[in-house]
Amino acid sequence: MASTGSDTGGQKPMLARHRAKDDASNAPTGHVPPRAQPGYFPLGYKEGFSQWWAGLSPAVTEHKVLSYVPYLQKPPTHTQTGSAPPSVKGMDMSLDTSKEAKPVRTTSITDPYGPRQWNSELVQLSGKNRALNEFSVTRLDEPVENNLVMLHGYGAGLGFFYKNFEALSRLPNWKTYALDLLGMGRSSRPAFRIHAKDRESKIKEAESWFIDALEEWRIKRGIDKMTLLGHSLGGYMAVAYALKYPGHLNKLILASPVGIPEDPYAVSEELPEPGESTMANEFTQSQDTTTSKTAAAKPPPRKTPKWLNTLWDANISPFSIVRLAGPIGPRLVSGWTSRRFSHLPEEEAQALHDYSYSLFRQRGSGEYALAYILAPGAFARSPLIRRIQGVGRQIIAPHAEATVDETTKQSVDRVRETGIPVVLMYGEHDWMDVKGGHAAKESMEAEKRKALAGASQEDRRRENGDAKVTIIKKAGHHVYLDGADQFNEEMLGEMRDVERRQKRLKAL
């Protein structure tokens with residue numbers, strides 16, 4: 001699938017400051033352009049209508065974003081999902097082999113860290129209309145000894161990791177995967193239905209909807225153990241996965257994970273929803289400010305509007321509003337993308353805006369899980385701080401749901417995990433509260449002391465658990481994008497640490 005200049009349909013840049021620059025470059029000599037007035041929705045009505053009418057497909061926009069991966073000017077892009085403009089029927093899933101993508105290989109001549117193979121594939125799962133969109137990087141002529149799996153946040157897609165794929169696939173004997181969560185990105189979008197009746201069961205069913213698909217994908221790929229990275233909602237799901245499917249992680253890396261702190265309003269049906277949160281900063285905070293030296297240390301909390309609480313409880317997602325808005329949809333999305341990507345070069349910011357809008361306008365599916373998992377303001381209905389201490393301490397056996405295994409007389413003799421390292425990353429100017437990360441670290445360390453107190457000599461030798469909190473400088477919530485260079489260096493360090501731990505355990 002070739003990347004061409006026609007992908008954007010000749011539309012003007014989405015960001016006001018980019019449009020002003022474009023207009024200035026095309027203006028007659030001596031013409032002084034008017035000062036840009038970005039406003040909250042910088043995309044004009046005319047440009048918004050043009051983008052809506054063009055209806056760029058997710059396959060096209062994902063391809064364009066991935067073309068910015070170094071040494072990969074023509075990325076592979078399957079067209080089995082998201083290859084056509086959206087319709088009321090939603091995103092079609094095709095089994096036509098002609099729509100599969102051929103892997104792209106880079107050589108050591110064109111790729112200083114090659115040779116590598118880049119692949120885009122739709123991985124079929126059991127059941128009706130269940131498949132995960134996968135992008136992978138394989139180092140050629142090397143056996144695969146470790147696997148890194150990356151999960152994006154709410155409503156996003158694997159393309160958001162475009163600044164990380166190249167750097168994180170440099171280590172010998174590692175294979176890198178990025179997945180779109182079920183019902184998001186370019187994965188299939190089956191109908192999302194909850195059958196449980198009570199509150200706790202609804203939460204667990206919503207979690208399982210995503211993590212069961214991840215486990216099936218792992219089995220299908222023949223991966224025994226992996227290093228799992230999850231951002232925001234992907235981080236929440238990574239913790240849930242670790243609890244429900246123990247024994248398959250070498251390390252858990254949580255990048256600005258949602259849902260750790262406890263909030264009394266979010267966990268009680270009788271109490272009203274929380275009145276304020278820093279989550280609003282995701283939509284109002286400019287990344288030009290976040291990545292600057294003078295940015296505030298902590299974003300201020302903002303009132304959660306009553307209308308948002310009402311829509312949230314009615315399970316009306318923000319993407320539903322984008323879809324219903326029709327030609328105004330791109331303009332609404334620009335209110336987020338113009339701030340979220342304001343620190344990026346013009347072409348990349350435009351590509352990410354197009355990619356975001358093309359995903360947001362697809363038929364709703366996994367997005368409807370949010371109201372079951374989180375309350376307005378990004379507080380979890382079932383806070384991870386109550387459960388994260390169980391990560392790496394579970395009985396190695398199938399679990400019905402993502403709950404912590406308590407130590408009982410019946411469970412003492414069953415084989416348990418002996419800890420896994422957990423890394424919590426936050427941006428220096430993250431609206432997600434880093435205090436939740438520190439509280440999680442303390443909880444896991446306390447559980448480690450408890451486990452070691454009654455452990456056998458063999459288990460003490462095999463103990464592998466610890467927790468740490470890392471801050472990414474000049475970054476907000478999207479640490480992998482705002483502070484990509486430091487993030488990539490931190491990640492490579494964590495991956496090397498996995499190798500060191502494996503050697504130690506193998507030598508026992």
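**Notebook: helix 12 and the sheet**

I began with helix 3 and helix 12, and noted that helix 3 passes helix 12 in a left-handed crossing. The model I am reading is a predicted one, and I keep that in mind for each entry below.

For this pair I looked up the axes, which come within 9 Å and cross at roughly 150 degrees. Because angles over 145 degrees count as roughly antiparallel, I enter helix 3 and helix 12 as roughly antiparallel to each other.

I then listed the residues in contact: from helix 3 (residues 58-66) they are Pro58, Thr61, Glu62, Lys64 and Val65, and these meet Ala351, Leu352, Asp354, Tyr355, Ser358 and Leu359 in helix 12. Sorted by class, this contact has 6 nonpolar, 2 polar and 3 charged residues.

**Helix 11 against helix 12**

Next I turned to helix 11 (residues 329-340), whose axis comes within 10 Å of that of helix 12 (residues 346-360), with a crossing at roughly 125 degrees. That angle makes helix 11 oblique to helix 12, and I recorded the crossing as right-handed.

On the helix 11 side I found Gly329, Pro330, Val333, Ser334, Trp336 and Thr337, which meet His353, Ser356, Tyr357 and Phe360 in helix 12. By class, I entered 5 nonpolar and 5 polar residues for the contact of helix 11 with helix 12, and no charged ones.

**The sheet**

I followed the strands through an open sheet of 9 strands, and wrote down their order as 1-2-3-5-4-6-7-12-13, with mixed pairing. At the edges I found strand 1 (104-106) and strand 13 (466-472), each of which pairs on one side only. From one strand to the next, the twist averages 20 degrees.

At the strand 13 end I checked the pairing with strand 12 (residues 421-427), where 7 bridges join the two strands and they run parallel. Within this pair, leucine 424 stands opposite valine 469 in strand 13. I also noted helix 14 (residues 434-453), which packs on the sheet and touches both strand 12 and strand 13, while its direction makes about 165 degrees with that of strand 13.

**Whole chain**

Last, I took the totals for the protein chain, whose secondary structure comes to 17 helices and 13 strands. Of its 508 residues, 57% are buried. Among contacts in the chain with a separation of 6 or more, I noted that 75% are accounted for by residues 24 or more positions apart.

Terms used. Residues are numbered from 1 along each chain as its sequence is written. This is a predicted model: local features need pLDDT of at least 70, side-chain atom pairs count only at pLDDT 80 or more; totals for chains, interfaces and linings use all residues. Side-chain values use heavy atoms; hydrogens and water are left out. Two strands pair if DSSP finds at least two bridges between them. Helices (H or I, at least four residues) and strands (E, at least two) are DSSP runs, numbered from the N terminus. Axes are lines fitted to C-alpha atoms, for helices over the stretch in contact, and angles run from 0 to 180 degrees between N-to-C directions. Contact means heavy atoms within 4.5 Å. Angles under 35 degrees count as roughly parallel, over 145 as roughly antiparallel, 65 to 115 as roughly perpendicular and the rest as oblique. A crossing is left-handed if the near helix is turned anticlockwise from the far one by less than a right angle, and right-handed if clockwise. Ala, Val, Leu, Ile, Met, Phe, Trp, Tyr, Cys and Pro count as nonpolar, Asp, Glu, Lys and Arg as charged, and the others, Gly among them, as polar. Buried means under 20% relative accessible area, exposed over 50%, partly exposed in between (1.4 Å probe, protein chains only).
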